[in-house]
Amino acid sequence: MAQRLSDLTLGERPGGRTALAARWIVGHAEGRHRLLRDGEIVIDGAEVLYVGPRFPGEVARRIDLGDMLVSPGFIDLDALSDLDTTLLTVDYGPGWATGRVWPRSYVERGPYDMYSPEDLAFQKRYAFAQLLLNGITTALPIASLFYREWGETVEEFEAAADAAAALGLRVYLGPAYRSGGMVCEAPGVLEPVFDEARGMKGLKDALNFATRIAGTAEGLIQPILAPDRVETCTLALLQKTMAASAERGIPVRLHMAQGRTERMIMNRLHGTTGPQWLARHGLLHDRLIAPHAVEAEPEDLALYAEHGVTIAHCPLVYARDGEMLRSFRECRERGIRIGMGTDTAPPDMVLNMAVALMMGRAAEGGPHGLTTAEVFDAATISGADALKRPDLGRLQPGAKADIAIFDLADQRFAPTIDPIQTLIFGATGRVTRAVFVDGRLSMRDGAVSGLDLAAARKIAQEQFERLLARYPERTFGHPKVKDMFPGTYAPFKPR
Ligand SMILES: [Zn+2]
């Protein structure tokens, strides 16, 4: 029966087989993405049944999408899951002056969570909806710890699991834990402080949570272990983390080789870089996902290649500061797997692919720096491979029906020669028309099931403004908000 997407019920898995016909489909065959023109994909339950020319078998409904691109949904290895605070570092000076390193006075007064548990639960739902809006079907959430009392809580991750199940987003969840952090003792003077017991408690809670949620919501929810950043973890914490990962086969995400401050602190604490410190203790492995490698040394990259570590590449957040991975090409030639992440607002994977392409080419001084296929593979296949999920990131029979549909006929888009080029050069996920996750219609025309996004936007703005008002409390010297974050232009003064 001929139908339209609007005939399907948002948030539900249509009964029987659904054939989606489209101008372009990114199918998968013989281990590679393939471009299928004027083809069909058939979804049966949670899985892809068929990709090819018109399906000869019976279907419950056939939807002709017209001038659209049917693509595997994106896999976001560092998926923004809060109200982005990195926006408060760009253009506003160093982290210690803009609330990203606690001053001693704040630590002594007792750090506290600047959001309520209800706020945090809301943010997970709001952020997950944003991911779906951008064609992301699998997410490994990341949030800032700077406004937290210490690490992320199990309670908010229970809320995250509920949000993912309700909205229909595939997630790998684990509260971030750490054994230490930096304290700002004087302008620009940062001292690491550690509380080993607190880190171990965080790991224990994370492991209990992992046991509880693994495979729930019909398999949509899976665990990861998320020690926060290499310089905030003790050796014992990482040893226990990696041992648990090996024993249970759970992926680990650990930020390292990501910043200059990290390098300085690691050098002071351990006399080497994060990756080399881990390698020295036998802690690098192929379940490890490591954002962002922009500060990686050649030796670090050689170790990633040797041990099968995946880089989570988040080019947008770094490009804003004029920084980049050096380089995508070199990492690939070394044989390192590169997956993609959004990490900032907007959590737009298409924009991130565009920036990856431009920065990857800039890093090598020409188009040979990166191809559109390589960057599209990174956002789909490589993310799936990092999670050891051959059933994700590619549309072929037996794969999960995790699908993003992009409108190539959008008024603001250039005419199409090649659909992948059109999408990436167009550089916006706003053309995402619909998303299926596990065969379920999770997003259509900017709407998700069970969340009013217009109302949610207002709540998000109010929460963010409340957070901003408290920023001075945990910033060195306790400056006024208006002095910390001056406007792009001076305020207008009527004469
Ligand atoms: Zn990150």
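Helices here are DSSP runs of H or I with at least four residues, numbered from the N terminus. With that in hand, here are some close-ups of what is a predicted model.

**Figure 1. R198, a residue of helix α4.** R198 is found in α4, the helix that runs over residues 196–213. Its relative accessibility comes to 32%, so R198 counts as partly exposed. Look for E149, W150 and R178 around it: R198 touches these three, leaving aside residues up to four places away in sequence. G180 is worth picking out too, as it sits 18 residues from R198 in sequence and 8.5 Å from it in space, C-alpha to C-alpha.

**Figure 2. The zinc ion and its protein donors.** Four residues supply the donor atoms: D78 and D343 through OD, and H255 and H292 through NE2. These atoms lie 2.1 to 2.7 Å from the zinc ion. For comparison, the ideal angle for four tetrahedral donors is 109.5 degrees. The angles among the four donor atoms here run from 79 to 170°, and the site is irregular. Along the chain, the donor residues follow the spacing D-x176-H-x36-H-x50-D. One pair, H255 and D343, links distant parts of the chain, being 88 residues apart. H255 belongs to the loop between β16 (252–253) and α6 (260–270), and D343 to the loop between β19 (337–340) and α11 (349–364). Both H255 and D343 are buried.

**Figure 3. A closer look at H255.** Buried or exposed, what is H255? With a relative accessible area of 7%, H255 is buried, because the cut-off is under 20%. Its side chain makes a polar contact of 3.3 Å with the side chain of H292. Setting aside residues up to four places away in sequence, H255 touches D78, I142, D228, R229, V230, P291 and H292. Two of these names, D78 and H292, also turn up among the zinc donors.

**Figure 4. Two cis peptide bonds.** Most peptide bonds are trans. The bond from P291 to H292 is cis, with omega near 0°. H292 sits in the loop between β17 and α8 (298–307), and it is one of the residues that donate to the zinc ion. The bond from A345 to P346 is cis as well, with omega near -5°. P346 is placed in the loop between β19 and α11.

**Figure 5. Helix α5 and its buried face.** This helix has 14 residues, 235–248, and at 1.5 Å a residue it should span 20 Å; the end C-alpha atoms are 20 Å apart, which agrees. Its buried residues are L237, L238, T241, M242, A244 and S245. Viewed down the axis of α5, they fall within an arc of 160°, so they line one face of the helix. In general, an α-helix has 3.6 residues a turn, so residues three or four places apart point the same way. What covers the buried residues of α5? The cover includes β11 (176–177), α4, β15 (226–227), β16, α7 (274–280) and β17 (288–291). Just past the end of α5, G249 has a positive phi of about 70°.

**Figure 6. Helix α2, mostly covered.** Residues 117–133 make up α2, and its 17 residues reach 25 Å from first C-alpha to last, close to the 24 Å expected at 1.5 Å a residue. How many of the 17 residues of α2 are buried? Twelve are, which leaves α2 mostly covered. The buried residues include D119, K124 and Q130, along with F122, Y126 and F128. After the helix comes G135, whose phi is positive, near 80°.

**Figure 7. E156 in helix α3.** E156 is found in α3, which covers residues 154–167. Its relative accessible area is 3%, so E156 is buried. A polar atom of the E156 side chain lies 2.9 Å from the backbone nitrogen of T153. E156 also touches L120, K124 and R148, not counting residues up to four places away in sequence. L120 and K124 are among the buried residues of α2.

**Figure 8. Positive phi at A427 and D438.** Most residues other than glycine have a negative phi. A427 has a positive value, near 60°, and lies in the loop between α13 (419–426) and β21 (432–437). D438 is not a glycine either, and its phi is positive at about 55°. The place to look for D438 is the loop between β21 and β22 (440–444), where it is buried, with a relative accessible area of 4%.

Definitions and conventions: Residues are numbered from 1 along each chain as its sequence is written. Side-chain values use heavy atoms; hydrogens and water are left out. Donors are N, O and S atoms within 2.8 Å of the metal (3.2 Å for Na, K and Ca); water is not among the atoms, so sites may look incomplete. Four donors count as tetrahedral if all angles lie between 85 and 135 degrees; four count as square planar and six as octahedral if opposite donors are over 155 degrees apart and all others between 65 and 115; anything else is irregular. Buried means under 20% relative accessible area, exposed over 50%, partly exposed in between (1.4 Å probe, protein chains only). The expected span of a helix is 1.5 Å times one less than its number of residues. The arc is that of the directions from the helix axis to the C-beta atoms. Contact means heavy atoms within 4.5 Å. A polar contact is a pair of N or O atoms within 3.5 Å; within protein, one must be able to donate a hydrogen and the other to accept it, and residues adjacent in sequence count only if both atoms are side-chain atoms.
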